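Trainee: I would like a close look at a single part of this model, taken slowly and with the cut-offs spelled out.

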Amino acid sequence: MFELLLQRNSKPLICRKIGEEGLTIGRSAENSIVLLDPEISRRHCAIELKGESLRMRDLSKNGT
């Protein structure tokens, strides 16, 4: 199983397992990971498990 680890200044902030359902990242409370930053879109990106690989899908009009 894969994990996504977000860090700031080498300190872990968020660690989430990526299962079959994948996860989404953005400002909106509906996301798996919520990042309250004005430069992050409400639905910024999705990370999906495809077989034994990960795929990131850009959901933002501003780019990821």
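In which sense do strand β1 and strand β2 pair, and over how many bridges?

Mentor: A word on conventions comes before the answer. This is a predicted model, in which local features need pLDDT of at least 70 and side-chain atom pairs count only at pLDDT 80 or more, while totals for chains, interfaces and linings use all residues. Residues are numbered from 1 along each chain as its sequence is written, and side-chain values use heavy atoms, with hydrogens and water left out.

Strand β1, residues 2-8, pairs with strand β2, residues 11-18, in the antiparallel sense, and seven bridges join them. Strands here are DSSP runs of E with at least two residues, numbered from the N terminus, and two strands pair if DSSP finds at least two bridges between them. Within this pairing, Leu5 stands opposite Cys15 of β2. The hairpin has two residues between its strands, and Asn9 takes a positive phi near 55° there.

From β2 the picture extends through Ile14, which is in contact (heavy atoms within 4.5 Å) with Leu4, Leu5, Leu6, Ile33 and Leu35, its neighbours within four places in sequence being left aside. Ile14 also belongs to the largest nonpolar core, whose eight residues are Leu4, Ile14, Ile18, Leu23, Ile25, Ile33, Cys45 and Ile47. Such a core is a set of buried Ala, Val, Leu, Ile, Met, Phe, Trp, Tyr and Cys residues joined through side-chain atoms within 4.5 Å, where buried means under 20% relative accessible area, exposed over 50%, and partly exposed in between, with a 1.4 Å probe and protein chains only. The elements that give two or more residues to this core are β2, β3 and β5.

Two of these elements, β3 and β5, lie in an open sheet of four strands with the order β4-β3-β5-β6 and mixed pairing. Strands β4 (33-34) and β6 (53-58) stand at its edges with a single partner strand each, so one side of each is left without a neighbour in the sheet. Strand β3, residues 23-26, runs antiparallel to strand β5, residues 45-50, and three bridges join them; Thr24 stands opposite Ala46 in β5.

In the loop between β4 and β5 lies His44, which is buried at a relative accessible area of 9%. Among the residues that His44 touches, not counting those up to four places away in sequence, are Ile25, Gly26, Arg57 and Asp58. Lys50, by comparison, is found in strand β5 and counts as partly exposed at 47% relative accessibility.
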